[in-house]
Amino acid sequence: MSEPVLPKRARVVVIGGGVIGCSVAYHLAHMGWKDVVLLERDRLTSGTTWHAAGLIVTFGSTSETSTEMRKYTRDLYARLEAETGLSTGFKPVGFIEVAADRDRLEEYRRVSAFNRYCGVDVHEISPGQVKELFPLARTDDLLAGFYVKEDGRANPVDLTMALAKGARMAGATIVENCAVTEVLTKRGAVAGVRTAYGDIECEYVVNCAGMWTRQLAAKSGVNVPLQSAEHYYLITDKIPELSASFPVLEDPGSYGYFREEVGGLMVGLFEPVCAPWKVSGVPQDFSFGEIAPDWDRMGPYVEKAMQRVPISLEAGVRKFFCGPESFTPDLQPIVGEAPEVKNYFVAAGMNSIGILTGGGLGRVLAHWIINGRPDVDVTGFNIDRLHVYQSNPEYRRTRTVESLGMVYQCHYPTRSMQTARGAKKSVLHERLAAKGAYFKDVSGWEGADWYAPEETPDPGPLSWGRPSWFPHWEAEHKATREGVILMDMSFMAKFKVQGRDAGRILERISANRVDGASGMITYTQWLNEGGTLEADLTVTKLDDESFWVVASDTAHRHVHTWMRRHIGDAHAFVTDVTSGYAQINVQGPRSRELMQRLTTTDLSNESFPFRTARDIDIGFARALCVRITYLGELGYELYVPTEQATHVYDRITAAGVELGLRHAGLKALASLRMEKGYRDYGHDIDNTDSVLEAGLGFAVDLKKEHGFIGKDAVLAKKAKGPLHRRIVQILLEDPEPLMFHAEVVRRNGKPVGYIRAASYGFTLGGAVGLMMVEAGEPIDAAYLAQGTWEVEIAEKRVPARASLRPFYDPDNLRIKA
């Protein structure tokens, strides 16, 4: 084999020649960046792409980004042959997802309504119609099927080769049998790559190395916590009755998917308890490889799946295949620019949907690299959501057992991952547990979701309806509105920003004025140059050279990275103090009464007005006390050194007995903030929203002397006049239905958006949520009042009201009194 000849430099080096790497190279070249080199350690597709099942499915996601990537991918594969002369093997034979129980029927009806809004032509069909389309399927136990005629299957190797050819035709270079051994960096940014055949200098690297991504990234200090797992499919001998024109059939309740394969039936599996593979590291020479199948472990799952197509039980087994696939801790891809190294991009951890999203993901990432920011919501899969401890071998081994099976679980709105738990606990954890806390996974923390104060917390069965603990949640909500509650928020990301230039830097990256008077907290957004959101947080000025920044748990590393990268050579230093301080929130109309019993500091409205931040005494402890709320009531946030937190907690709970203090969890946080219309970045607002569209213009100071990042874009948006896209609060008029996410909202019968996040408004008497209205005309109070509003919930339309102002306490009277 002759040595490959490498260029001395390139603008972008893509590492890995699977479907993702080839798609990234293809799209970069087609968007005008011709100086792209793709390096593959062996041959194209030799990792996991070659053995993928090739399903092309647009149905199933409640993420707009994911659904759009699926649609784009399907359309790309359909036209690649005309462009390149190479077939992708795409056959639009159709796709059917079947539901055999009420909960899955509820889920798929919710999903199908959202998917139709996104342009997927999905239809609910009867069991009889399923039988007509796939005559060999058993349908007597089914409730319904969900059919997309335009979906189907493709050949993973062929479509990857077509992408590669298309990349070459557009100017990219592809080199096989050339492994990247190291990514070279200089001053915290990409400088090049090293191979056995020499170095290539480059500005950008895209690590698309599949199941090797974590190992390669670790050499540069980049955290990519993916893990390979055994993934199975079985192919039967030929079945004469089976036609290649049959649609792809998927039955998550039986752990299986089914499609024709060279006259036989392919039975693919996503078993609920899986087996991680090579936790210590995937061998570098593993190419076109297979894993010896574990018949004993997989036998029961295979048998259950094959019962959906009974004739398969009578056919011989041609092949029982096991190969590795990469899975991530939260079953979302790992995509974006690494926090640790500038211009080091990653696209990996596809959780078995690399083929069906590969085209769209390549487009998204190419746009991101070329333009400096993505054009779709990436908050759910941005690499910076993940933490370093999640790459630990024991964590990966433990979590992956559950991850693969989650693909086919019923996606209940209150489901929380159950494996690899207890990694991070608040110092108050045991005290909260003693009060009846039920904990859920909150970015790795054990967060108290709700409390059963007089019994052992029992979550009961998962459901789309009202859970057994609904009354506990309601009691916590009402206690906040009428009395006083304690809430542990220690998982919030907390940073100290210090130095002579700290105020100047924070003023530059904050849309609001944050470097004003000392001892004041300011709510602000951080924007990019396009005027869309990068963060939604608070900045407290402690003194001229010291600031306190608090962000949500999901934005932890994003916020940290944004600050570090905007400091440059300035005299400013960011310290992550999240673990050093507990955050205890005391909220409700009687919170001042309780807090005044604990401190000698005067907390009257005159001495301690809204937005005040000051060190106070509580027993033997000192705490930063901030008068602010995220719940819509008078309240205080206490930041207490970890070593004194239990002391402060004990003082609060003892003093609170007489006032009826109640503990409240994250479910109450969600319902209380949703009644007030408070935003939550990554849930109801994201990186595609302008600060004006998000309804946060009040937190922007356009008169700041030196401006802020994104100011010009905000002014340009404002100059265009009334907004045609805007966040609106939605309240159901019927108190019974529940909203969670992705419910389609109609105005005068026409879809105008969907619920981004929702909860139950116990004070308001119904489910309440936030949506982004896409109107195509000015959105104001008249637009809302003149419309008849409905929310589509599992095929039913529920009357609703819409408002630009919060339905609860619009004048903030109780918060500021």
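Here are four worked exercises on helix packing, a barrel and one loop residue.

The model is predicted, so local features need pLDDT of at least 70 and side-chain atom pairs pLDDT 80 or more, while totals for chains, interfaces and linings use all residues. Residues count from 1 along each chain as its sequence is written, and side-chain values use heavy atoms, with hydrogens and water left out.

**Exercise 1.** Work out how H12 and H13 pack, and which residues meet.

*Solution.* Start with the axes, which are lines fitted to C-alpha atoms over the stretch in contact, with angles from 0 to 180 degrees between N-to-C directions. Helices here are DSSP runs of H or I with at least four residues, and strands are E runs of at least two, numbered from the N terminus. Helix H12 (residues 502–509) packs against helix H13 (residues 556–567) at about 115°, axes 10 Å apart. That makes H12 roughly perpendicular to H13 (65 to 115 degrees). Next, the contacts (heavy atoms within 4.5 Å): Ile-505, Leu-506 and Ile-509 in H12 meet Trp-562, Met-563, His-566 and Ile-567 in H13. Sort them by class and you get 6 nonpolar, 1 polar and no charged (nonpolar is Ala, Val, Leu, Ile, Met, Phe, Trp, Tyr, Cys and Pro; charged is Asp, Glu, Lys and Arg; the others, Gly among them, are polar).

**Exercise 2.** Do the same for H2 and H8.

*Solution.* The axes of H2 (residues 64–84) and H8 (residues 354–371) come within 7 Å and cross at roughly 100°. That puts H2 roughly perpendicular to H8. Among the H2 residues in this contact are Met-69, Arg-70 and Tyr-72, and the H8 side includes Gly-358, Gly-359, Gly-360 and Arg-363. The class tally is 8 nonpolar, 5 polar and 2 charged residues.

**Exercise 3.** Trace the barrel and find what packs on it.

*Solution.* Follow the order S32-S35-S34-S33-S36-S37: 6 strands in a closed barrel, paired antiparallel (a pair needs at least two DSSP bridges). Zoom in on S32 (residues 725–732) and S35 (residues 766–774), which are joined by 7 bridges. There, Ile-730 stands opposite Gly-769 in S35. Helix H16 (residues 666–676) packs on the sheet, touching S32, S34 (750–761) and S35, and its direction makes about 130° with that of S34.

**Exercise 4.** Is Arg-373 buried, partly exposed or exposed, and what does Arg-373 touch?

*Solution.* First place Arg-373: the loop between H8 and H9 (393–406). Its relative accessibility is 30%, so Arg-373 counts as partly exposed (buried is under 20%, exposed over 50%, partly exposed in between, with a 1.4 Å probe and protein chains only). Leaving out residues up to four places away in sequence, Arg-373 touches His-367, Trp-368, Asn-528, Glu-529 and Gly-530.

Methods. Parallel < 35°, antiparallel > 145°, perpendicular 65-115°, else oblique.
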